[in-house]
Amino acid sequence: MEKENVGNRKVNFKTVLRLFCFAFYISAVSFGGGFVSISLTRETFVKKLKWVTDKDMTDINSLAQASPGAIAINTTMLTGYKIAGILGAIFSVIGSIIPPMLVITALYYFYDAIKEFVFIAMVMRAMQAGVWAVVLSLIVDSWRAVIKSKDAFAIVLLAVSFLVNALCLFFFSLSVVIYTIILSGALGATYSLIKKEVKDKEGSNDIS
């Protein structure tokens, strides 16, 4: 089943099936939520398979976090779409929703039997520590990608956003993540438009 080229890659059923399997695996081991899923997705598709560039993955992560819905599903869907178009997005989403659906269904039936076990509580606390380590790794990778771009605007915006969120959370116990995302998106769009206009003017001056 041959499909159109997406980027420089010829998409076929084998590619789509592999996307489904990788999405299933990432979802099955992403204990800790969406940010862990983002880190594993980057590790799988950027570092190991090299199907997506680091810049593309940074853009995907930004869109996934800014869009409504679960971050893990958004990230998987956008990555699948980038690699194999609509079919890749569909199979990636299906692969990513099966593991949590099975786990939640099982917990629904067995929760009352296991909730009092001390061992289960200890396991959950230990897993939280591991989740924080993965989230920290994701933050470091994101900073590295932005700094590597050498875009002064993006670097300053990232630093200011981080400081504002940290200060608001620490001193006022107030989360301003949503406002930061919306404002950053607006500033980024304005900056891109200004940059494009300046470039167009320079191009017209060169022609004249």
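In the predicted model, Cys21 has a relative accessibility of 43% and is therefore classed as partly exposed, the buried class being limited to values under 20% and the exposed class to values over 50%. Cys168, at 17% relative accessibility, falls under the 20% limit and so counts as buried. No cysteine pair is linked, the number of disulfides in the structure being 0. A disulfide is a covalent bond between the sulfur atoms of two cysteines.

Enclosed space was examined next. Rolling a probe the size of a water molecule over the atoms shows where empty space is left. Searching the whole structure yields 1 cavity of 30 Å³ or more, and the volume of the largest cavity is about 30 Å³. Its lining consists of Leu19, Ala23, Phe45, Thr76, Thr79, Gly80 and Ser92. Two or more of these residues are contributed by each of α1 (13–29) and α4 (71–114), with α4 supplying the largest share, 4 residues. In terms of residue class, 3 of the lining residues are nonpolar and 4 are polar, while no charged residues take part.

Helix α2 spans residues 34–48 and comprises 15 residues. The distance from its first C-alpha to its last is 20 Å, close to the 21 Å expected at 1.5 Å a residue. Buried positions in α2 are Gly34, Val36, Ser37, Ile38, Ser39, Thr41, Arg42, Thr44, Phe45 and Val46. Of these, Phe45 also appears in the lining of the largest cavity. Just after α2, the backbone at Lys50 adopts a positive phi of about 60°.

Open space was treated separately. The largest pocket has a volume of about 1900 Å³ and a lining of 46 residues. Nearest the centre of this pocket lie Ser62, Gln65, Ser142, Leu158 and Ser161. The elements giving two or more residues to the pocket lining are α2, α3 (54–66), α5 (118–149), α6 (152–172) and α7 (177–207). Among them, α5 gives the most, with 11 residues. The class composition of the pocket lining is 26 nonpolar, 14 polar and 6 charged residues. Charged residues are thus present in the lining of the largest pocket, whereas the lining of the largest cavity has none.

Note on methods
Residues numbered from 1 in each chain as written. Predicted model: local features only at pLDDT ≥ 70, side-chain atom pairs only at ≥ 80, totals over all residues. Heavy atoms only, no water. Disulfide = S-S within 2.5 Å. Buried < 20%, exposed > 50% of the residue type's maximum accessible area, 1.4 Å probe, protein only. 1 Å grid on protein atoms, 1.4 Å probe; cavity = no way out; pocket = protein on both sides within 12 Å on 5 of 7 lines; lining within 4 Å. Points joined across faces, edges and corners; volume = space filled by probe spheres on them. Nonpolar A, V, L, I, M, F, W, Y, C, P; charged D, E, K, R; others polar. Expected span 1.5 Å × (residues − 1).
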